[in-house]
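Please find below a short note on the internal packing of this model. The points are numbered for ease of reply.

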Amino acid sequence: MKRTHSCGQLRAAEVGGHVRLCGWVRSYRDHGGVVFIDLRDRDGVTQVVFDPTDSPERHELARSLRSEWVVSVAGKVRPRGPDRINPKLPTGEIEIVADDLVVLNKSDTVPFDPETTEKVAEETRLKYRYIDLRRPEMTRNLRLRAQICQIMHRILDERGFVEVETPNLTKSTPEGARDFLVPSRLQPGCFYALPQSPQLFKQILMVAGLDKYYQIARCFRDEDLRADRQPEFTQLDVEMSFVVEADVMEVANAVLREICAACGKPFPQEVPVLSYAQAIDQYGIDRPDMRFGLLLQDVSQIVKTSSFKVFADVVASGGVVKGLCAPGGGKFTRKDIDGYTAFVAELGAKGLAWTKVEEGGFALGSAKFFTPEVQAQLRQAFGAKAGDILMFVADKPAAANKALAALRSKLGADLGLYKSDDFAWCWVTQFPLVEWNKEENRWDAMHHPFTSPRPEDLDRLESDPGGVGARAYDIVLNGTELGGGSIRIHSPQVQQRVFGLLGISEESARVKFGFLLDALRLGAPPHGGIALGLDRVVMLMVGADSIREVVAFPKTQRGICLMTEAPGQPDPRQLQELYLRVNRPQDKKPVPGENPLSGQ
RNA sequence: GAGGCCGUAGCUCAAUUGGCUAGAGUACCGGACUGUCGAUCCGGUGGUUGCGGGUUCGAACCCCGUCGGCCUCGCCA
């Protein structure tokens with residue numbers, strides 16, 4: 001019963017051999033006499049032929065085969081003959097003439113055909129994920145993911161990195177995202193937190209002298225889901241001692257370069273580096289999509305005296321007027337433009353001013369507000385040509401950037417400014433250390449509280465926190481943040497000052513991060529690192545538009561696994577053991593995974 | 001927490017302005033057929049139109065609520 005080959009392996013060279021294959025029935029073609037079976041496994045498809053003259057019993061059994069039954073077949077490899085070759089199959093030059101057939105398992109009618117070219121509802125795919133994963137595309141995604149992990153292991157191992165596992169049952173750190181909590185039975189009333197990342201452990205490993213650490217680590221964050229965000233996700237986590245920014249970035253480049261080489265994707269000799277300020281200025285966002293230009297321009301100075309009251313007022317009150325020039329946008333209809341206006345309105349923009357560029361001057365939209373002089377300046381600022389359209393948002397800088405960044409992204413897609421297989425990488429550096437949190441009325445770490453300020457800014461840490469730069473860096477591909485890291489603080493004094501800046505009292509820091517502060521006092525080397533989002537890397541390598549396509553068992557937007565119906569209600573006895581009582585709001589009824597034991 | 005799109009046979013979809021017994025392809029079941037490869041041909045089974053309520057002589061279609069999936073904002077150090 002043991003297989004001799006996979007269903008994707010056999011070629012003309014094996015003709016004459018006797019083989020045994022195991023797999024799933026992809027399709028059956030019963031001609032009354034001869035019966036054909038396409039047998040599929042993860043490697044491919046092989047045609048099997050049953051001839052009624054060989055064995056009537058076996059032929060009858062073959063006629064009963066149906067889609068997705070699991071069978072084992074033995075037989076001789078035979079050439080198909082020139083007019084019978086199937087060029088669509090790698091194994092299309094041969095077929096197996098069966099001399100044995102064993103049905104290992106039958107199958108009910110499958111909820112959907114794994115071979116279908118029709119797009120099956122994701123809900124159905126997730127409920128029957130094992131059927132979905134039989135699809136060659138999904139098999140390829142998972143195998144490419146495994147291959148990418150192998151490259152990560154190999155490159156880092158070659159460079160002397162030590163793989164270390166860190167705990168998943170760890171301590172809650174109230175900074176950052178919401179934690180997943182795990183109740184402790186042995187310590188009633190206490191909870192572990194699942195790690196949002198191994199951040200503190202890897203820093204401790206540097207203090208331990210590990211020098212170069214890595215781990216392909218699972219991370220957990222209890223926040224709302226997106227196409228590129230799952231509550232649990234995987235990071236390639238790296239940390240190094242005695243390094244500066246360029247050393248860490250070089251390691252990340254090396255890993256990504258190898259991954260791209262294996263995936264047939266481009267990776268530049270030199271990855272462009274933008275400062276945070278430059279990214280915000282030109283792209284309106286800290287993860288710029290570099291596949292196309294369409295740069296934003298701040299035209300506040302040009303239009304501040306214009307008769308367009310909105311522009312003048314916004315600039316006068318400290319806002320900005322920023323815009324972009326969409327090449328060929330002159331062809332947009334009123335309806336198109338209304339669509340873009342509604343698009344930016346949903347993002348909070350109060351309006352979208354526009355005008356079309358023609359040979360003689362601006363036309364339509366807000367054209368009448370622009371004097372010939374202003375028109376000339378705008379034309380020059382954008383490098384605008386006849387047939388283009390200018391679009392503007394006037395608002396506070398953050399709001400204008402948010403709307404225009406999204407608009408730029410949409411226009412890039414709508415105008416076909418890039419090809420589907422374009423890859424454009426960049427590093428973004430020189431992030432601010434902190435940003436002002438209006439709601440909480442305090443400074444928040446932009447990266448995390450362990451990121452080192454730039455040494456030249458240290459003396460302004462207390463006097464001008466917003467002006468302090470961080471030794472942080474992000475790597476961005478096609479507008480998706482693939483990873484980020486920083487040089488960390490290794491001085492206990494600096495760490496204490498940063499905690500102070502973030503409003504974390506000495507006492508509170510001791511409770512939450514005492515072990516880190518102790519470690520920093522006991523011979524902590526300078527160190528830094530990075531984390532790469534594995535799911536996102538694989539997503540972009542396979543050209544998927546959601547990480548669910550590269551995660552074997554993902555959760556829905558409501559955090560439910562449709563296959564297992566997790567999360568479920570615990571058995572009351574489990575709660576008792578954990579000294580927990582559920583206090584569920586009356587109007588919130590549990591839906592998934594109703595535990596049949598509960599309520600007993 | 002908010003906005004948007006969607007939900008009809010196992011699957012993918014259709015159903016004119018609110019109007020006939022809710023159809024088609026595929027899958028499945030039965031039959032025919034000895035070279036197909038998305039086999040073909042003939043016949044058949046299959047429906048709580050997500051769920052609940054309302055309007056109407058009449059609802060897949062309109063209204064309200066609710067559940068679920070997706071996209072986005074907030075959130076994600």
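**Note on a buried serine and the nonpolar cores**

1. In this predicted model, S300 has a relative accessible area of 5% and is therefore classed as buried, the cut-off being under 20%. The residue lies in helix α8, which spans residues 300-303.

2. Two polar contacts of the S300 side chain deserve mention. One is with the side chain of D298, at 2.5 Å. In the other, the side chain of S300 reaches the backbone nitrogen of V321 at 3.0 Å.

3. V321 also appears among the residues that S300 touches once those up to four places away in sequence are set aside. The others in that group are V315, G319 and V320.

4. Turning to the nonpolar interior, the largest core comprises 44 residues. Within it, I148, I259, W425 and M541 have the most contacts. At least two residues of this core come from each of several elements, including the helices α4 (136-158) and α15 (534-542) and the strands β10 (232-241) and β17 (425-429). Helix α6 gives the most, with 9 residues.

5. The surroundings of I259 may be described individually. Beyond its neighbours within four places in sequence, I259 is in contact with I148, I151, M152, V537 and M541.

6. A second core, separate from the one above, has 31 residues. Among them are V428, L461, I489 and L517.

Key
Residues are numbered from 1 along each chain as its sequence is written. Chains are lettered from A and ligands numbered from 1 in the order in which they are written. This is a predicted model: local features need pLDDT of at least 70, side-chain atom pairs count only at pLDDT 80 or more; totals for chains, interfaces and linings use all residues. Side-chain values use heavy atoms; hydrogens and water are left out. A nonpolar core is a set of buried Ala, Val, Leu, Ile, Met, Phe, Trp, Tyr and Cys residues joined through side-chain atoms within 4.5 Å. Buried means under 20% relative accessible area, exposed over 50%, partly exposed in between (1.4 Å probe, protein chains only). Helices (H or I, at least four residues) and strands (E, at least two) are DSSP runs, numbered from the N terminus. Contact means heavy atoms within 4.5 Å. A polar contact is a pair of N or O atoms within 3.5 Å; within protein, one must be able to donate a hydrogen and the other to accept it, and residues adjacent in sequence count only if both atoms are side-chain atoms.
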